[in-house]
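Please open the structure in your viewer and keep the selection tool at hand, since this tour moves from one selection to the next and says what can be found at each stop.

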Amino acid sequence: MAKPILLSTPHIGDRELEFVKEAFDTNWIAPVGPHVDAFEQEFCQVVGTSYAAAVSSGTAALHLALKLVGVQAGDEVFCSTLTFIASANPITYLGAKPIFIDSDRTTWNMNPELLRESLDKKAKIGKLPKAVILVHLYGQSADIDPILEACDQYEIPLIEDAAESLGATYKGKSTGTFGKIGIFSFNGNKIITTSGGGMLVSHDRELMEKARFLATQARDRAPHYQHSEIGYNYRLSNILAGIGRGQLQVLEDRINARRHNFEVYQQALGNLPGIEFMPEANFGRATRWLTCLTINSQTFGADREQIRLALAKQQIEARPVWKPLHLQPVFANCDYVDGVVAEYLFNHGLCLPSGSNLIKEELERVISQILEIHQQRTY
Ligand SMILES: *Cc1c(COP(=O)(O)O)cnc(C)c1O
(Lines give C-alpha, C1' and ligand atoms only; values in the text may rest on other atoms or scores of the structure.)
Protein backbone atom coordinates (compact mmCIF):
# COMPACT_ATOMS: atom_id res chain seq x y z
CA MET A 1 0.00 0.00 0.00
CA ALA A 2 1.34 3.46 -0.91
CA LYS A 3 2.23 5.81 1.92
CA PRO A 4 -0.60 8.27 2.64
CA ILE A 5 -0.15 11.85 1.45
CA LEU A 6 -1.97 14.15 3.86
CA LEU A 7 -3.43 17.60 3.33
CA SER A 8 -1.20 19.59 5.70
CA THR A 9 0.93 18.18 8.49
CA PRO A 10 3.21 19.75 11.14
CA HIS A 11 6.72 20.61 9.96
CA ILE A 12 9.13 21.11 12.83
CA GLY A 13 12.43 22.97 12.40
CA ASP A 14 15.79 22.76 14.18
CA ARG A 15 15.29 25.03 17.20
CA GLU A 16 11.93 23.98 18.70
CA LEU A 17 13.29 21.18 20.88
CA GLU A 18 16.02 23.44 22.21
CA PHE A 19 13.42 25.99 23.37
CA VAL A 20 11.26 23.23 24.88
CA LYS A 21 14.28 21.82 26.71
CA GLU A 22 15.02 25.28 28.07
CA ALA A 23 11.49 25.38 29.49
CA PHE A 24 12.09 22.03 31.19
CA ASP A 25 15.55 22.99 32.45
CA THR A 26 14.24 26.17 34.04
CA ASN A 27 11.02 24.52 35.27
CA TRP A 28 8.77 26.98 33.42
CA ILE A 29 6.09 24.33 32.88
CA ALA A 30 3.15 26.70 33.15
CA PRO A 31 0.85 28.94 31.14
CA VAL A 32 3.23 31.80 31.89
CA GLY A 33 6.98 32.25 31.48
CA PRO A 34 9.82 33.69 29.41
CA HIS A 35 8.93 31.83 26.19
CA VAL A 36 5.40 33.24 26.28
CA ASP A 37 6.72 36.80 26.60
CA ALA A 38 9.41 36.26 23.95
CA PHE A 39 6.98 34.57 21.54
CA GLU A 40 4.66 37.57 21.78
CA GLN A 41 7.50 40.03 21.13
CA GLU A 42 8.98 38.05 18.26
CA PHE A 43 5.53 37.58 16.74
CA CYS A 44 4.98 41.37 16.81
CA GLN A 45 8.22 41.84 14.88
CA VAL A 46 7.36 39.23 12.29
CA VAL A 47 3.90 40.58 11.46
CA GLY A 48 4.74 44.22 12.13
CA THR A 49 2.39 45.09 14.95
CA SER A 50 2.78 46.67 18.36
CA TYR A 51 1.24 44.27 20.89
CA ALA A 52 0.29 40.62 21.07
CA ALA A 53 -1.28 38.17 23.52
CA ALA A 54 -0.59 34.44 23.24
CA VAL A 55 -3.50 32.11 23.97
CA SER A 56 -4.42 28.45 23.80
CA SER A 57 -6.11 28.48 20.37
CA GLY A 58 -7.24 30.66 17.51
CA THR A 59 -10.82 30.09 18.62
CA ALA A 60 -10.00 31.38 22.11
CA ALA A 61 -8.31 34.41 20.51
CA LEU A 62 -11.44 35.18 18.50
CA HIS A 63 -13.66 34.72 21.56
CA LEU A 64 -11.57 37.24 23.49
CA ALA A 65 -11.42 39.62 20.51
CA LEU A 66 -15.22 39.75 20.29
CA LYS A 67 -15.49 40.27 24.03
CA LEU A 68 -12.87 43.03 23.90
CA VAL A 69 -14.79 45.04 21.30
CA GLY A 70 -17.92 44.74 23.43
CA VAL A 71 -20.02 42.10 21.69
CA GLN A 72 -22.87 41.01 23.94
CA ALA A 73 -25.92 38.77 23.93
CA GLY A 74 -28.43 39.88 21.31
CA ASP A 75 -25.88 41.73 19.16
CA GLU A 76 -25.32 40.93 15.52
CA VAL A 77 -21.87 40.29 14.03
CA PHE A 78 -21.06 40.17 10.30
CA CYS A 79 -18.76 37.33 9.27
CA SER A 80 -17.39 35.84 6.03
CA THR A 81 -19.49 32.84 5.02
CA LEU A 82 -16.74 30.89 3.24
CA THR A 83 -14.64 29.76 6.19
CA PHE A 84 -14.08 27.18 8.91
CA ILE A 85 -16.76 27.19 11.60
CA ALA A 86 -14.27 28.42 14.22
CA SER A 87 -14.61 31.89 12.64
CA ALA A 88 -18.23 32.11 13.82
CA ASN A 89 -18.54 29.81 16.85
CA PRO A 90 -17.25 32.46 19.29
CA ILE A 91 -20.05 34.82 18.17
CA THR A 92 -22.54 32.34 19.55
CA TYR A 93 -20.51 31.76 22.75
CA LEU A 94 -21.39 35.36 23.60
CA GLY A 95 -25.07 34.95 22.75
CA ALA A 96 -24.70 37.14 19.66
CA LYS A 97 -25.90 36.26 16.17
CA PRO A 98 -23.80 35.89 13.04
CA ILE A 99 -24.87 37.29 9.67
CA PHE A 100 -22.89 35.77 6.82
CA ILE A 101 -21.48 37.71 3.87
CA ASP A 102 -20.58 36.17 0.51
CA SER A 103 -17.14 36.06 -1.15
CA ASP A 104 -15.90 37.68 -4.33
CA ARG A 105 -14.41 35.63 -7.16
CA THR A 106 -10.98 37.28 -7.20
CA THR A 107 -10.01 36.75 -3.56
CA TRP A 108 -12.52 34.09 -2.40
CA ASN A 109 -12.85 36.38 0.63
CA MET A 110 -15.56 38.80 1.80
CA ASN A 111 -16.98 40.89 -1.02
CA PRO A 112 -16.41 44.56 -0.02
CA GLU A 113 -19.39 45.82 -2.02
CA LEU A 114 -21.78 43.39 -0.37
CA LEU A 115 -20.44 44.42 3.02
CA ARG A 116 -20.92 48.11 2.25
CA GLU A 117 -24.48 47.57 0.95
CA SER A 118 -25.39 45.51 4.00
CA LEU A 119 -24.00 48.09 6.40
CA ASP A 120 -25.89 50.87 4.58
CA LYS A 121 -29.12 48.88 4.90
CA LYS A 122 -28.55 48.11 8.57
CA ALA A 123 -27.73 51.75 9.27
CA LYS A 124 -31.05 52.83 7.75
CA ILE A 125 -33.00 50.67 10.20
CA GLY A 126 -30.67 51.58 13.08
CA LYS A 127 -29.45 48.05 13.65
CA LEU A 128 -25.75 48.06 12.83
CA PRO A 129 -23.66 45.00 13.72
CA LYS A 130 -21.39 45.21 16.74
CA ALA A 131 -18.35 43.90 14.84
CA VAL A 132 -17.21 42.54 11.49
CA ILE A 133 -15.09 39.37 11.31
CA LEU A 134 -13.05 39.34 8.12
CA VAL A 135 -11.42 36.02 7.22
CA HIS A 136 -8.27 35.77 5.08
CA LEU A 137 -8.81 32.33 3.59
CA TYR A 138 -6.24 29.73 2.54
CA GLY A 139 -3.37 32.19 2.95
CA GLN A 140 -4.80 35.02 0.86
CA SER A 141 -5.69 38.49 2.09
CA ALA A 142 -9.13 39.91 1.52
CA ASP A 143 -9.38 43.32 -0.18
CA ILE A 144 -8.96 45.12 3.13
CA ASP A 145 -9.05 48.86 2.26
CA PRO A 146 -12.68 49.14 1.10
CA ILE A 147 -13.77 46.86 3.93
CA LEU A 148 -11.97 48.95 6.52
CA GLU A 149 -13.39 52.12 4.99
CA ALA A 150 -16.95 50.81 5.25
CA CYS A 151 -16.39 49.72 8.86
CA ASP A 152 -14.76 53.04 9.79
CA GLN A 153 -17.64 55.02 8.32
CA TYR A 154 -20.01 53.36 10.77
CA GLU A 155 -17.42 53.04 13.58
CA ILE A 156 -17.67 49.27 13.61
CA PRO A 157 -14.60 47.40 14.86
CA LEU A 158 -12.99 45.12 12.29
CA ILE A 159 -11.61 41.83 13.60
CA GLU A 160 -9.33 39.99 11.19
CA ASP A 161 -9.37 36.21 11.34
CA ALA A 162 -5.87 35.59 9.99
CA ALA A 163 -5.73 32.01 11.31
CA GLU A 164 -4.93 30.71 7.83
CA SER A 165 -2.89 33.67 6.59
CA LEU A 166 0.17 34.17 8.78
CA GLY A 167 2.79 35.63 6.43
CA ALA A 168 0.33 36.86 3.82
CA THR A 169 0.48 40.52 2.89
CA TYR A 170 -1.86 43.24 1.69
CA LYS A 171 -0.14 46.21 0.01
CA GLY A 172 3.11 45.27 1.73
CA LYS A 173 1.78 44.81 5.26
CA SER A 174 0.80 41.61 7.10
CA THR A 175 -2.79 40.48 7.29
CA GLY A 176 -4.11 40.72 10.83
CA THR A 177 -2.57 44.16 11.44
CA PHE A 178 -5.22 46.36 9.79
CA GLY A 179 -8.28 45.93 11.98
CA LYS A 180 -8.79 46.73 15.65
CA ILE A 181 -7.69 43.19 16.53
CA GLY A 182 -6.20 40.37 14.46
CA ILE A 183 -6.11 36.72 15.46
CA PHE A 184 -3.86 33.83 14.38
CA SER A 185 -3.87 30.06 14.94
CA PHE A 186 -1.05 27.59 15.55
CA ASN A 187 -3.12 24.44 15.21
CA GLY A 188 -1.37 21.36 13.84
CA ASN A 189 -2.44 21.94 10.23
CA LYS A 190 -1.61 25.67 10.01
CA ILE A 191 1.47 27.13 8.33
CA ILE A 192 3.33 27.07 11.64
CA THR A 193 2.17 25.14 14.67
CA THR A 194 2.58 24.87 18.43
CA SER A 195 0.39 21.72 18.33
CA GLY A 196 -2.37 24.07 19.46
CA GLY A 197 -2.28 27.77 20.15
CA GLY A 198 -3.36 31.20 19.07
CA MET A 199 -2.43 34.88 19.15
CA LEU A 200 -4.23 38.19 19.32
CA VAL A 201 -2.51 41.27 17.91
CA SER A 202 -3.36 44.95 18.06
CA HIS A 203 -1.81 48.40 17.94
CA ASP A 204 -3.73 49.18 21.16
CA ARG A 205 -1.71 48.32 24.27
CA GLU A 206 -4.64 48.48 26.67
CA LEU A 207 -6.65 46.05 24.57
CA MET A 208 -3.89 43.45 24.63
CA GLU A 209 -3.37 43.93 28.38
CA LYS A 210 -7.08 43.33 28.82
CA ALA A 211 -6.81 40.22 26.62
CA ARG A 212 -4.13 38.77 28.93
CA PHE A 213 -6.25 39.70 31.96
CA LEU A 214 -9.34 37.94 30.58
CA ALA A 215 -7.24 34.94 29.50
CA THR A 216 -6.03 34.38 33.08
CA GLN A 217 -9.40 34.28 34.90
CA ALA A 218 -9.68 38.08 35.19
CA ARG A 219 -7.78 38.40 38.46
CA ASP A 220 -7.91 41.82 40.06
CA ARG A 221 -4.72 43.33 41.50
CA ALA A 222 -4.86 41.98 45.04
CA PRO A 223 -2.79 39.56 47.15
CA HIS A 224 -5.80 37.27 47.53
CA TYR A 225 -7.89 35.96 44.64
CA GLN A 226 -10.41 38.65 43.76
CA HIS A 227 -12.53 38.90 40.62
CA SER A 228 -14.86 41.65 39.42
CA GLU A 229 -15.35 40.16 35.96
CA ILE A 230 -15.79 36.74 34.40
CA GLY A 231 -12.59 35.54 32.77
CA TYR A 232 -11.26 32.47 31.00
CA ASN A 233 -8.37 30.02 31.25
CA TYR A 234 -7.00 30.74 27.77
CA ARG A 235 -3.28 31.47 28.19
CA LEU A 236 -0.70 29.63 26.09
CA SER A 237 1.66 27.17 27.80
CA ASN A 238 5.29 28.25 28.11
CA ILE A 239 6.32 24.90 26.57
CA LEU A 240 4.16 25.47 23.50
CA ALA A 241 5.37 29.06 23.22
CA GLY A 242 8.86 27.56 22.97
CA ILE A 243 7.73 25.50 19.98
CA GLY A 244 6.22 28.66 18.52
CA ARG A 245 9.52 30.57 18.82
CA GLY A 246 11.28 27.87 16.84
CA GLN A 247 8.53 27.78 14.24
CA LEU A 248 8.60 31.56 13.75
CA GLN A 249 12.24 31.28 12.68
CA VAL A 250 11.31 29.05 9.73
CA LEU A 251 8.11 30.84 8.69
CA GLU A 252 9.59 32.27 5.50
CA ASP A 253 10.86 28.81 4.48
CA ARG A 254 7.40 27.38 5.09
CA ILE A 255 5.79 30.07 2.94
CA ASN A 256 8.26 29.48 0.13
CA ALA A 257 7.69 25.73 0.28
CA ARG A 258 3.91 26.13 0.09
CA ARG A 259 4.14 28.63 -2.72
CA HIS A 260 6.44 26.18 -4.49
CA ASN A 261 3.84 23.39 -4.12
CA PHE A 262 1.29 25.68 -5.74
CA GLU A 263 3.58 26.48 -8.67
CA VAL A 264 4.37 22.82 -9.29
CA TYR A 265 0.68 21.91 -9.29
CA GLN A 266 -0.23 24.86 -11.48
CA GLN A 267 2.46 24.14 -14.07
CA ALA A 268 1.44 20.52 -14.33
CA LEU A 269 -2.35 20.90 -14.17
CA GLY A 270 -3.12 24.52 -15.01
CA ASN A 271 -3.68 23.84 -18.68
CA LEU A 272 -6.17 21.02 -18.22
CA PRO A 273 -9.63 22.01 -19.43
CA GLY A 274 -12.01 22.88 -16.60
CA ILE A 275 -9.36 23.41 -13.93
CA GLU A 276 -8.94 26.85 -12.43
CA PHE A 277 -6.51 27.58 -9.60
CA MET A 278 -7.38 29.99 -6.78
CA PRO A 279 -6.27 33.38 -8.11
CA GLU A 280 -3.65 35.45 -6.32
CA ALA A 281 -4.98 38.96 -5.90
CA ASN A 282 -2.59 41.59 -7.24
CA PHE A 283 -2.52 43.59 -4.00
CA GLY A 284 -0.35 41.22 -2.00
CA ARG A 285 1.44 37.95 -1.44
CA ALA A 286 -0.61 34.84 -0.75
CA THR A 287 1.14 32.13 1.27
CA ARG A 288 -0.76 29.37 -0.53
CA TRP A 289 -1.35 27.73 2.85
CA LEU A 290 -3.43 25.29 0.85
CA THR A 291 -3.38 24.88 -2.91
CA CYS A 292 -7.01 25.19 -3.99
CA LEU A 293 -8.63 24.85 -7.37
CA THR A 294 -12.09 24.60 -8.88
CA ILE A 295 -13.20 21.96 -11.32
CA ASN A 296 -15.74 22.47 -14.04
CA SER A 297 -16.98 18.90 -14.46
CA GLN A 298 -18.41 19.50 -17.94
CA THR A 299 -15.07 20.46 -19.43
CA PHE A 300 -12.79 18.40 -17.17
CA GLY A 301 -14.79 15.20 -17.50
CA ALA A 302 -15.09 14.34 -13.82
CA ASP A 303 -16.50 16.30 -10.92
CA ARG A 304 -14.89 17.36 -7.66
CA GLU A 305 -16.17 14.39 -5.70
CA GLN A 306 -15.07 11.88 -8.33
CA ILE A 307 -11.59 13.36 -8.22
CA ARG A 308 -11.49 13.49 -4.43
CA LEU A 309 -12.61 9.88 -4.10
CA ALA A 310 -10.21 8.64 -6.78
CA LEU A 311 -7.36 10.37 -4.93
CA ALA A 312 -8.53 8.91 -1.59
CA LYS A 313 -8.34 5.44 -3.12
CA GLN A 314 -4.65 6.12 -3.76
CA GLN A 315 -4.13 7.25 -0.14
CA ILE A 316 -4.06 10.91 -1.16
CA GLU A 317 -6.01 13.25 1.10
CA ALA A 318 -7.76 16.07 -0.72
CA ARG A 319 -10.68 18.03 0.76
CA PRO A 320 -13.58 20.05 -0.56
CA VAL A 321 -13.27 23.81 -0.05
CA TRP A 322 -14.95 24.94 3.21
CA LYS A 323 -18.70 24.44 3.29
CA PRO A 324 -20.13 27.96 3.62
CA LEU A 325 -21.42 28.73 7.09
CA HIS A 326 -24.83 29.88 5.81
CA LEU A 327 -25.33 26.27 4.62
CA GLN A 328 -24.36 24.71 7.95
CA PRO A 329 -27.32 23.08 9.73
CA VAL A 330 -26.32 24.71 13.01
CA PHE A 331 -26.68 28.18 11.43
CA ALA A 332 -29.91 27.42 9.55
CA ASN A 333 -31.69 30.26 11.37
CA CYS A 334 -29.06 32.89 10.64
CA ASP A 335 -29.35 35.61 8.02
CA TYR A 336 -26.93 35.76 5.12
CA VAL A 337 -26.18 38.08 2.24
CA ASP A 338 -26.05 36.44 -1.19
CA GLY A 339 -23.88 33.29 -0.92
CA VAL A 340 -23.81 32.08 -4.53
CA VAL A 341 -20.07 32.60 -4.98
CA ALA A 342 -19.24 30.68 -1.80
CA GLU A 343 -21.67 27.94 -2.83
CA TYR A 344 -19.99 27.66 -6.23
CA LEU A 345 -16.53 27.44 -4.63
CA PHE A 346 -17.78 24.79 -2.20
CA ASN A 347 -19.46 22.71 -4.88
CA HIS A 348 -16.52 22.82 -7.29
CA GLY A 349 -13.50 23.53 -5.08
CA LEU A 350 -10.81 21.08 -4.01
CA CYS A 351 -7.82 21.54 -1.69
CA LEU A 352 -4.77 19.46 -2.64
CA PRO A 353 -2.08 18.15 -0.30
CA SER A 354 -0.12 21.30 0.55
CA GLY A 355 2.24 20.67 3.46
CA SER A 356 5.59 22.45 3.47
CA ASN A 357 7.22 19.05 4.09
CA LEU A 358 5.90 17.39 0.91
CA ILE A 359 8.64 15.93 -1.24
CA LYS A 360 8.94 16.04 -5.03
CA GLU A 361 7.82 12.42 -5.45
CA GLU A 362 4.68 13.07 -3.42
CA LEU A 363 3.71 16.09 -5.51
CA GLU A 364 4.35 14.02 -8.62
CA ARG A 365 2.13 11.23 -7.32
CA VAL A 366 -0.76 13.64 -6.77
CA ILE A 367 -0.25 15.18 -10.19
CA SER A 368 -0.05 11.89 -12.07
CA GLN A 369 -3.24 10.68 -10.37
CA ILE A 370 -5.15 13.78 -11.45
CA LEU A 371 -3.79 13.47 -15.00
CA GLU A 372 -4.92 9.87 -15.03
CA ILE A 373 -8.41 10.78 -13.84
CA HIS A 374 -8.58 13.30 -16.66
CA GLN A 375 -7.50 10.71 -19.21
CA GLN A 376 -10.10 8.22 -18.00
CA ARG A 377 -12.80 10.88 -17.89
CA THR A 378 -16.26 9.52 -17.91
CA TYR A 379 -18.00 12.26 -19.89
C1 LIG B 1 -8.01 27.10 12.22
C2 LIG B 1 -8.92 28.25 12.11
C3 LIG B 1 -9.45 28.90 13.24
C4 LIG B 1 -9.34 28.37 14.63
O5 LIG B 1 -8.08 28.17 15.14
P6 LIG B 1 -7.84 27.06 16.25
O7 LIG B 1 -6.46 27.37 16.72
O8 LIG B 1 -7.97 25.74 15.60
O9 LIG B 1 -8.85 27.25 17.34
C10 LIG B 1 -10.22 30.04 13.05
N11 LIG B 1 -10.49 30.50 11.82
C12 LIG B 1 -10.02 29.91 10.72
C13 LIG B 1 -10.34 30.51 9.40
C14 LIG B 1 -9.24 28.74 10.82
O15 LIG B 1 -8.83 28.14 9.72
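Of the 15 residues around the ligand, which come nearest? Bear in mind, before selecting anything, that this is a predicted model. The residues to pick out are Gly58, Thr59, Glu164, Ser185 and Lys190, which come nearest among the 15 residues around the ligand.

**First stop: the ligand**

Keep the ligand in view and add the side chain of Thr59, where a polar atom lies 2.5 Å from an oxygen atom of the ligand. Turn next to Glu164, where an N or O atom in the side chain is 2.6 Å from an oxygen atom of the ligand, and then to Ser185, whose side chain has an N or O atom 2.7 Å from a ligand oxygen atom. On its own the ligand has 380 Å² of accessible area, and the protein covers 95% of it. If you then colour the shell around the ligand by residue class, you should find 4 nonpolar, 8 polar and 3 charged residues.

**Second stop: aromatic pairs**

Now leave the ligand and display the aromatic rings, for a search of the whole structure finds 13 aromatic pairs. Select Phe43 and Phe184, whose ring centres are 4.9 Å apart and whose planes meet at 70°, so that the pair counts as edge-to-face. This pair links distant parts of the chain, with Phe43 in helix α2 (residues 34-47) and Phe184 in strand β8 (residues 181-185), 141 residues apart. Are these two rings buried or exposed? Phe43 is buried, with a relative accessible area of 0%, and Phe184 counts as buried because its relative accessibility is 1%, where the cut-off for buried is under 20%.

Move on to Tyr232 and Tyr234, which form a stacked aromatic pair, with 5.1 Å from centre to centre and 10° between the planes. Both Tyr232 and Tyr234 are buried.

After these pairs, select Phe84, Trp108, Tyr138, Trp289 and Trp322 together, and you will see a cluster whose members are linked by ring pairs.

**Last stop: charges over rings**

Which ring does Arg288 lie over? Select Phe262 along with Arg288, and you will find Arg288 over the face of Phe262, at 3.5 Å from the ring centre. To end the tour, select Arg304 and Phe346, where the charged end of Arg304 sits over the ring of Phe346, 5.8 Å from its centre.

Technical notes
Residues are numbered from 1 along each chain as its sequence is written. This is a predicted model: local features need pLDDT of at least 70, side-chain atom pairs count only at pLDDT 80 or more; totals for chains, interfaces and linings use all residues. Side-chain values use heavy atoms; hydrogens and water are left out. A residue is near a molecule or strand if one of its heavy atoms lies within 4 Å of it. A polar contact is a pair of N or O atoms within 3.5 Å; within protein, one must be able to donate a hydrogen and the other to accept it, and residues adjacent in sequence count only if both atoms are side-chain atoms. Accessible areas come from the Shrake-Rupley method with a 1.4 Å probe; for residues, only the protein chains shown count as cover. Ala, Val, Leu, Ile, Met, Phe, Trp, Tyr, Cys and Pro count as nonpolar, Asp, Glu, Lys and Arg as charged, and the others, Gly among them, as polar. Rings of Phe, Tyr and Trp (its six-membered ring) pair if their centres lie within 6.5 Å; planes under 30 degrees apart count as stacked, over 60 as edge-to-face and the rest as tilted. Helices (H or I, at least four residues) and strands (E, at least two) are DSSP runs, numbered from the N terminus. Buried means under 20% relative accessible area, exposed over 50%, partly exposed in between (1.4 Å probe, protein chains only). A charge sits over a ring if NZ of Lys or CZ of Arg is within 6 Å of the ring centre and within 35 degrees of the ring normal.
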